[in-house]
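Got your viewer open? Here is a short walk through the model, stop by stop, with something to select at each one.

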2 protein chains.
Amino acid sequence: MASSTRTPEIQILAETDTTTFTIPDRLTIEQVAKRRAAYGSFNAGVAAAVDVELFKGRTHHSHKGKAKRWDHRLTHEAKVRQGNSLKTAAKHLKTPGLISLGGGLPSSEYFPFEELSITVPSLASLSPSQPNGHADTSTLKAGKNEILTAGKHDLAEGVSLYDIATACQYGQGHGAAQFLRWMIEHTEIVHNPPYRDWSCTMTIGSTSACDFAFRLFCNPGDWILTEQYTYPTMVVAAQGMGINIAAVGMDEHGMLATSLDDILSNWNVAERGGPKPFVVYTVPTGQNPTGFTQPLQRRKEIYAVAQKHDLYIFEDEPYYFLQMQPYTGANAPDVPPPTSHSDFIHSLVPSYLSLDVDGRVLRMDSFSKVIAPGSRVGWITASEQICEKYRMLSDLATQGPSGISQLVLFKLLDESWGHGGYLDWLIKIRMEYTERRDSILKACETYLPRDLVRWVAPSAGMFLWLEIDYKKHPHFADKTLLEIEEEIFLKNIAHGTLLMCGSWFVAEQKAGKDTLFFRATYAAAPADQINEAIKRFGAAIRESFGLAPLANGTH
Amino acid sequence: MASSTRTPEIQILAETDTTTFTIPDRLTIEQVAKRRAAYGSFNAGVAAAVDVELFKGRTHHSHKGKAKRWDHRLTHEAKVRQGNSLKTAAKHLKTPGLISLGGGLPSSEYFPFEELSITVPSLASLSPSQPNGHADTSTLKAGKNEILTAGKHDLAEGVSLYDIATACQYGQGHGAAQFLRWMIEHTEIVHNPPYRDWSCTMTIGSTSACDFAFRLFCNPGDWILTEQYTYPTMVVAAQGMGINIAAVGMDEHGMLATSLDDILSNWNVAERGGPKPFVVYTVPTGQNPTGFTQPLQRRKEIYAVAQKHDLYIFEDEPYYFLQMQPYTGANAPDVPPPTSHSDFIHSLVPSYLSLDVDGRVLRMDSFSKVIAPGSRVGWITASEQICEKYRMLSDLATQGPSGISQLVLFKLLDESWGHGGYLDWLIKIRMEYTERRDSILKACETYLPRDLVRWVAPSAGMFLWLEIDYKKHPHFADKTLLEIEEEIFLKNIAHGTLLMCGSWFVAEQKAGKDTLFFRATYAAAPADQINEAIKRFGAAIRESFGLAPLANGTH
């Protein structure tokens, strides 16, 4: 991809040994338990509004500064949005003895759900204290499950902090207080944002979070910056809102800080037909489609560029917890799995959020890759100013996530697993993905012609990005790059395997294209099918390039 | 409210006896069963795309025309939105033997949900064949429940058409095919839209549907038309998008066709600072906040105005199935409940959708008032052109409703209750709301001074709209209307009851205001508390107006 010499005026932070960096003062799981105990009884009823500060560690804040204000960057929509005017009445609801004929809420009598149960892997089954030193990945097959049950009036009856009557009722756009607390704690355990007034609010998933982020920050005619290969849904979503995409060069460590700085330093308003961008959208970990992960050093460089040009960063991180064990090659022994929660957390590349001293990051977290996409629940972390704007938009556009989804996730993540159980689950997922990635890499090493196909072992995510040396293709002289790509795509189909064309992921169509890629995922198919699919891909490539088939044949 | 003489050029359709109007060729529940059987096996897997036409009654279509095109009204966003470019690959997925390494879907192995169960009122318990001739309203208390269970792989195992593996996976913006089918059938049973190319697509609730409708039809600076008292969330949502609201006069039958026509016929672009509106937003049934319901005749008049001025209608109908039995007064016998599904359906005021020969209506349906708001699932019905635009926006903004919510509702509404059971449930809800409304009216008749407070018995919805004769208020000469309203609001609080101020629902703040209302809901509190709250309200009014308390005192 684009290579670029470093622009000297980027300030590179001092850190060089990225493996020893630790986020200071992270909240521990033990401290969460203590904090909850100190907080005393917690009772969030129907549509309870959250004071996020109550769930954050206040003693940690003394040394932190406040976030930058973004008033000069917000759209008209973000500026004029008001909260729901009926909330004027809400302050009176605490009057003792008051009978409210105010809110138009249906009585929970008429919710036709008396009880909801879900069968889930038990906390004990996830414990890392298994003979092999990590979570037992055969849990589900072994039936080590437990049943979690929510009743209609568990909250009123003191059985649980959340119940059907509350979850099935109207709620706040920020989500249920009891579950948002869990998200805030989790965020502090993993990221500990280094400014004082950070906040979280729930989303209905990161697709919607991205839509909202555009609505808050981007006007028609604006440009935003992103990786040169990127998530197409984001591109068409932006384009629909009249937002243009400027592609930033990448190397195997993802977005190049130097390219980002070059584009901004040399922005030509007349040529581009729009103002200098101030939003960068990035998927720093296991990026889609490349699978590339920005190491800490790269993140620091990009954050420095963001400071230099006063950028706001959309950090979209669905694959953050699909960070895997280091790849050791086909025949070397595996690296032992993390042995403790702390070990696991320290193995993760620090997020932009954890580097964000200025409050210039809106981080999007998602359960889609580690629990279930169909839950349509996620959350963002950003400064309170931005979260407040986000909440107002939620109240008027989505009304927050499904209460039924929230109830199911709350029972699982808060009541059953807790923070520790969730980390155990994430370790289990890490080991599963490590195995899947190792399978596909082994298949690639076995079946693909190395002089025609190149790849980098992914350290996170779902995707392997396979670069084809199309200059060696017999039709290089008489066909376009896209025609050759199409030919190989169809050859793959003829051989019974489907990979995605790299051109479908191009961020800026107008930019010249001189690389040819295919994207393969190792997330979905079982290991034996992954092996067979790559074998077929190898056969298709050989055929397309006019090479003899492998000696042991294909299908 | 505003009264206005009828503008003679409005064409009033011939129908005068509104009670005998029937929607022709409605689909019956029996026909649904036959159609499903004729359709044969139905298998919608992960993220299956729907061909809505397959679920509609094709034989009914021969005499229907096609919907008007709305290209000239769509926003830039609606026009340029493209579908997800990765769907190019989807057509190849049916290739026999193909192994896909394409879609980045997590394996359902890693969804930590093995089984989901919900306890719901059994179909038998809802049956109208109860001794009292209608659904047994003590069902829930009597424990006549059944447990519905979804397994992880029920679909693959042939146990059900929907399961956890499918519901928890990524889906389509239009929702799961198996549940959308139910919505389409229900729509044809109740409304039978009178044009050929109608379609349905799922929403995450009508708040979002309204946000989407604005995004598809309204540009900043546009005006839309709505009832002079309206739902404030809609107003602030519109304002945030730069959309202005023009208030249409009302009488006790809701929006006035004459007022609508006057405003449009006399629209002054210079004075208003915006083009003549072409969107009317209305809540025709049990309108919030007034509780007013437009009778059929009024709907026909308004539809005729819409045809005259080529308006597009947003029909927001959360209260449609909160239509109640006729109010007979405190001492008259009750009207017997509907004795059959057909009887029930014919008791409902026909929707705009059922009158919509042109395809100029986007109807929003919601489960919020009749199942549970927290489900965040609803649907729209409109022409295929508009539904297609809506689906594209869903794919890029919300990704459709929570799969967990869809699964729970599918198990209940399709697998357990079916269309008949759902209608039985709606009859039950109808009788419950009738009882609630009768309670509040009885309390009003008992405790409110009739010379100061006036109301109309609502025939649908959750709200009673109480008009105060503020001209008789002791402070009429020296206080503004809003000050008197505030005084009464606070007097209510002091007496231990909360009602909403009418001014909070004003659609067009700039319009002069010469009426004073309070909104009371009878949906939430139990009957005895409703009675007590109205008693307190009466006492507060008397005190505010300087009258002696009622002889039997207040609290």
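**Stop one: a ring pair on the inside**

Select A:Trp70 and A:Tyr312: both are buried. This is a predicted model, so keep that in mind as you click around. Show the two side chains as sticks and you'll see an edge-to-face aromatic pair, with 4.9 Å from centre to centre and 80° between the planes. Now turn on the cartoon for chain A. A:Trp70 sits in the loop between α1 (29-39) and α2 (76-80), while A:Tyr312 belongs to strand β10 (residues 312-316), so the pair ties together parts that are 242 residues apart in sequence.

Hop over to chain B and pick B:Trp70 and B:Tyr312. Their ring centres are 4.9 Å apart and the planes stand at 80°, so this pair is edge-to-face. B:Trp70 counts as buried, at 0% relative accessibility, and B:Tyr312 is buried with a relative accessible area of 0%.

Over all chains, the count comes to 63 aromatic pairs. For a bigger selection, try the cluster joined by ring pairs that includes A:Tyr162, A:Phe179, A:Trp182, A:Tyr320 and A:Phe321.

**Stop two: the core**

Which residues touch the most other members of the largest nonpolar core? Select A:Ile371 and B:Ile371: they do, in a core of 298 residues. Domain 1 (18-85 + 106-430) and domain 2 (435-544) of chain B both contribute residues to this core, so it lies between them.

Zoom in on B:Ile371 and skip its neighbours within four places in sequence. Its contacts then include A:Tyr110, A:Phe111, A:Pro112 and A:Phe113 from chain A, and B:Leu409, B:Trp417 and B:Trp425 from chain B.

**Stop three: the axis**

Zoom back out to see both chains. A turn of 180° with a shift of 0.0 Å along the axis lays chain B on chain A, at an RMSD of 0.0 Å. The two copies are thus related as by a two-fold rotation axis. The same surface serves both copies, with 100% of the contact residues of chain B recurring in chain A. To find the axis from chain B, select B:Ser117: its C-alpha comes closest of that chain's residues, at 2.5 Å.

**Last stop: the cysteines**

How many disulfides turn up over all chains? A search of the whole structure finds 0. Take A:Cys218: the nearest cysteine sulfur belongs to A:Cys210, 8.9 Å away. A:Cys218 counts as buried, at 8% relative accessibility. For A:Cys444, the nearest cysteine sulfur is that of A:Cys501, 17 Å away, and A:Cys444 is buried too, at 0% relative accessibility.

Notes: Residues numbered from 1 in each chain as written. Chains lettered and ligands numbered in written order. Predicted model: local features only at pLDDT ≥ 70, side-chain atom pairs only at ≥ 80, totals over all residues. Heavy atoms only, no water. Core = buried A, V, L, I, M, F, W, Y, C linked by side-chain atoms within 4.5 Å. Buried < 20%, exposed > 50% of the residue type's maximum accessible area, 1.4 Å probe, protein only. Domains from an automatic or database assignment. Contact = heavy atoms within 4.5 Å. Least-squares fit on C-alpha atoms with pLDDT ≥ 70 in both. Disulfide = S-S within 2.5 Å. Phe/Tyr/Trp six-rings, centres within 6.5 Å; stacked < 30°, edge-to-face > 60°. Helix = DSSP H or I, 4+ residues; strand = E, 2+ residues; numbered from the N terminus.
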